[in-house]
Amino acid sequence: MKKITSEMTNLFFSYTLHNIRKELKKMKLATLCYIQGDNKTLLLHRIKKKNDVHKGLWIGLGGKLEDGESPEDCVKREVKEESGLIIKKPKLRGIMTFPKFKDNEDWHVFLYTANEFYGEIIESDEGVLKWVENNKVLDMPTWEGDLIFLKWLLEDRGMFSAKFIYENKKLMAHEVTFH
């Protein structure tokens, strides 16, 4: 039986750390927010960006967390950048996982709603913003999984954790736990 040396231990930990870093680079953290007021929800029609995985769909506002940001910092920044609105007290409604959603990366998304906001809507670089009546939100073209969690939001089902599995932009399965 060989004796484990400190050199072998260091090599093992170095290799393990390298693999962890490699896997973390495949994981993306993001926020998504649906602003609601007067029985309407603000949606973004993604029609302006080239090579946009969301091209042509109606979605909420959000994006990737930057270094040092909390999910709340991120959602406030993204909403302001994309709409000009400043949200107060965003409410965390769900945490969603999208395994290998884009470019073989796992996306983990903090889902918020906000009904306290101020400011003037600006023109978005990513698409056209529109207030949609809540009873029409589920009629808008969007991802199959979005229709599922939007229904939960509109029904006020409470906090949830969910996983949505897509292959070639088609929803294959989903699971949810309500808290």
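Two strands are taken to pair if DSSP finds at least two bridges between them. Helices (H or I, at least four residues) and strands (E, at least two) are DSSP runs, numbered from the N terminus. The model described here is predicted: local features need pLDDT of at least 70, side-chain atom pairs count only at pLDDT 80 or more, and totals for chains, interfaces and linings use all residues. Residues are numbered from 1 along each chain as its sequence is written, and side-chain values use heavy atoms, with hydrogens and water left out.

The protein contains three helices and eleven strands. From the N terminus on, their order is α-β-β-β-β-α-β-β-β-β-β-α-β-β. Of its 179 residues, 39% are buried, where buried means under 20% relative accessible area, exposed over 50%, and partly exposed in between (1.4 Å probe, protein chains only). The protein exposes about 11,200 Å², and carbon and sulfur atoms supply 53% of this area. Accessible areas come from the Shrake-Rupley method with a 1.4 Å probe; for residues, only the protein chains shown count as cover. A contact means heavy atoms within 4.5 Å. Among contacts with a separation of 6 or more, 62% involve residues 24 or more positions apart.

Strand β7 (residues 105-114) has two partners described here. Eight of its ten residues are buried, so β7 is largely enclosed by the rest of the structure. Strand β1 (residues 27-37) runs parallel to β7, and nine bridges join them. Thr31 has Phe110 of β7 as its bridge partner. Strand β6 (residues 91-102) pairs with β7 in the antiparallel sense over eight bridges. In this pairing, Ile95 stands opposite Phe110. β6 and β7 form a hairpin with two residues between them. Asp103, in the turn, has a positive phi of about 55°.

Strand β6 also pairs with β10 (160-167). The two run parallel and are joined by four bridges. Gly94 has Phe160 of β10 as its bridge partner. In a regular strand the side chains alternate between the two faces of the sheet. β10 shows such alternation. Phe160, Ala162, Phe164 and Tyr166 point to one face and are buried. Ser161, Lys163, Ile165 and Glu167 point to the other and are not buried. β10 pairs in turn with strand β11 (residues 170-178), in the antiparallel sense and over eight bridges. Lys163 stands opposite Glu175 of β11. A hairpin with two residues between the strands links β10 and β11, and Asn168 in its turn has a positive phi of about 50°.

In soluble globular proteins, nonpolar side chains tend to be buried together. A nonpolar core is a set of buried Ala, Val, Leu, Ile, Met, Phe, Trp, Tyr and Cys residues joined through side-chain atoms within 4.5 Å. The largest such core has 27 residues. Tyr34, Met96, Phe98, Leu111, Phe149 and Phe164 have the most contacts inside it. The elements giving two or more residues to this core are β1, β3 (58-59), β6, β7, α3 (144-154) and β10. Leaving aside neighbours within four places in sequence, Phe98 is in contact with Glu105, Asp106, Trp107, Val109, Phe164 and Tyr166. A second, separate core of 13 residues includes Cys33, Ile35, Leu42 and Leu44.

Cys33 counts as buried because its relative accessibility is 0%. Cys74 likewise has 0% relative accessibility and counts as buried. The structure holds zero disulfides, a disulfide being a pair of cysteine sulfur atoms within 2.5 Å.
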